[in-house]
Amino acid sequence: MKADILVIGAGIVGSTVARELSRYDLRIVVVEKNCDVAFGQPTKANTGIIHAGYDDKPGTVKAKLCSRGNALWHKIAREIGAPLEEIGSFVVALKEEDMSILKELKRRGEKNGVPNLEIIEDIEELFKMEPNLNREAIAALYAPTAAITSPYELAIAMAENAAENGVKILLDTKVKGIVVKNEEIKAVQTSKGRIDVSYVVNAAGLYADEISAMAGINYFSINPVKGEYWVFDKELNGLVQHVLFPVPTPISKGIVVTPTVDGNILIGPNANPTRDKNDSATTASGIDEVFAGALNLIPKLAEKKKRVIANFCGLRPEADTNDFIIEAYDEARGFINAAGIKSPGLTAAPAIAETVTDLLRKSGLELREKDGFNPFRKPIDRSVRKFDMEKANNLIARDRRYGHVICRCEHVTEGEVVEAIRRGATTLDGIKFRTRAGMGRCQGGFCGPMIVRILARELKIPPTKVTKKGSGSNLLFGENKSLLKETSK
Ligand SMILES: Cc1cc2nc3c(=O)[nH]c(=O)nc-3n(C[C@H](O)[C@H](O)[C@H](O)COP(=O)(O)OP(=O)(O)OC[C@H]3O[C@@H](n4cnc5c(N)ncnc54)[C@H](O)[C@@H]3O)c2cc1C
């Protein structure tokens, strides 16, 4: 196989880079070792905040790209039909010493180009905007441009739109080596064969250091930092109106309380380094730490503890350089790193894609805009879930499967599950991330078996071959009572 550019990794960064490059007349291939896009740890498990951009020190790459990314997402999310709600954020001061931090964050934000930042010291006004906020709060930095999204939906939508614009996405394809000759990129060796290519973008998340070393660039390492979460039932919808941060610590933005775009309340993450890039287990102590942190902002959560429906953990891909590494290299011409993309990587992704495109241009790649680039993704009809009954009835009249609710918690119909499979889902998690079936109160207890049956029917495979998230995660291992039959023989 031959291509002009090969992007390694179909997380939010790889998918966004691919979609940006699909404006140009180029043969673009994305290779992803998982069986689906957005299955990498940080992209599927993060807070889903499109940060305003006041956190990072002016002059860092992160600072430059965060506020730019925020502005770009507002436009792109509309184009690709992904959720983005500009609800604004507060950094909450609980004691006098916190005030100097709020002022510093405001100064940083203004230097980073963040619009309309304001320190609210009128406590009545603050509690009117956030009625359940800790009564000990004395002020808050208000950033009205902060927004919330669904990170996996965003990544899936970007990958879909890239594919609609001609990008080839090769799943279950692991990069094993990079061929560099005379200091130029020549090819990439994958688990499915060699791809001849002159330009490579490394967007491999937690593994970006290992990929970079394959091209001979090995001056940094990526160290995972765990972040754990609680997700609360939609019954708590309305408990908070904005994204609420405590004042930040030197290692993280702190434990957040936020609504999600789907109507849940999310709390987390903590920040605990781990050596294992596969260690996404939650821990009892970590979960307790997160709950205690959230109580500092919303004490009322104490009486809602039992309304938790899930806990999960994400892994930050933290570079030892402590900044994003977005660079081209003379010793491996054509190789571009987009590495060390920890928070605010989700926010910055479209600005990272612009920077990568610029580096490719400077490295000699000819970028000719092609006719017919379509920024709009083919829309998905969600009228049943939104109880838009006129549209829903029309949809059901056209296809009765839209009248068959599969996931009762999230009101997902068989029609939507089949549509998700047509759009590329092959696993239970693939359906979950595209439709939310299995993300509600019962966490898939009711819809799981039905989705297995639909996946088997649509993919024409036996139910025993259906997996949760690809190879090695089969859900069934035999027919009903097969073990009983075996022993009675
Ligand atoms: C706890 C937590 C909270 C966060 N909260 C926020 C937030 O609220 N807002 C925000 O802006 N950012 C946030 N972030 C940061 C954000 O999630 C990340 O910056 C972003 O997801 C990184 O995306 P990525 O595409 O670089 O990495 P990934 O999602 O890891 O994607 C890389 C892909 O490369 C693939 N890959 C790796 N090696 C190979 C190989 N050899 N061959 C082929 N494919 C390969 C992987 O399978 C993966 O799919 C948070 C991160 C964490 C962990």
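Here is a short tour of a predicted model, stop by stop. Residues count from 1 along each chain as its sequence is written, and side-chain values use heavy atoms, with hydrogens and water left out. Local features need pLDDT of at least 70 and side-chain atom pairs 80 or more, while totals for chains, interfaces and linings use all residues.

Start with the ligand. Select the 38 residues around it (a heavy atom within 4 Å); E32, T43, I49, I341 and T347 come nearest. Now show the backbone. A backbone N or O atom of V175 sits 2.9 Å from a ligand nitrogen. Polar backbone atoms of I12 and L346 are each 3.2 Å from a ligand oxygen.

V175 also opens strand 10 (175-181), so to speak, your next selection. Add strand 11 (184-190): the two run antiparallel over six bridges (strands are DSSP E runs of at least two residues, paired if DSSP finds at least two bridges). G177 faces Q189 across the pair. In the hairpin, two residues separate the strands, and N182 has a positive phi near 50 degrees.

Jump to D262, in the loop between strand 16 (256-259) and strand 17 (265-268). Which residues does D262 touch, beyond neighbours within four places in sequence? K234 and R436 (contact: heavy atoms within 4.5 Å). The D262 and R436 side chains share a 3.1 Å polar contact (N or O atoms within 3.5 Å, within protein one able to donate a hydrogen and the other to accept it; sequence-adjacent residues count only if both atoms are side-chain atoms).

Conventions. Helices (H or I, at least four residues) and strands (E, at least two) are DSSP runs, numbered from the N terminus.
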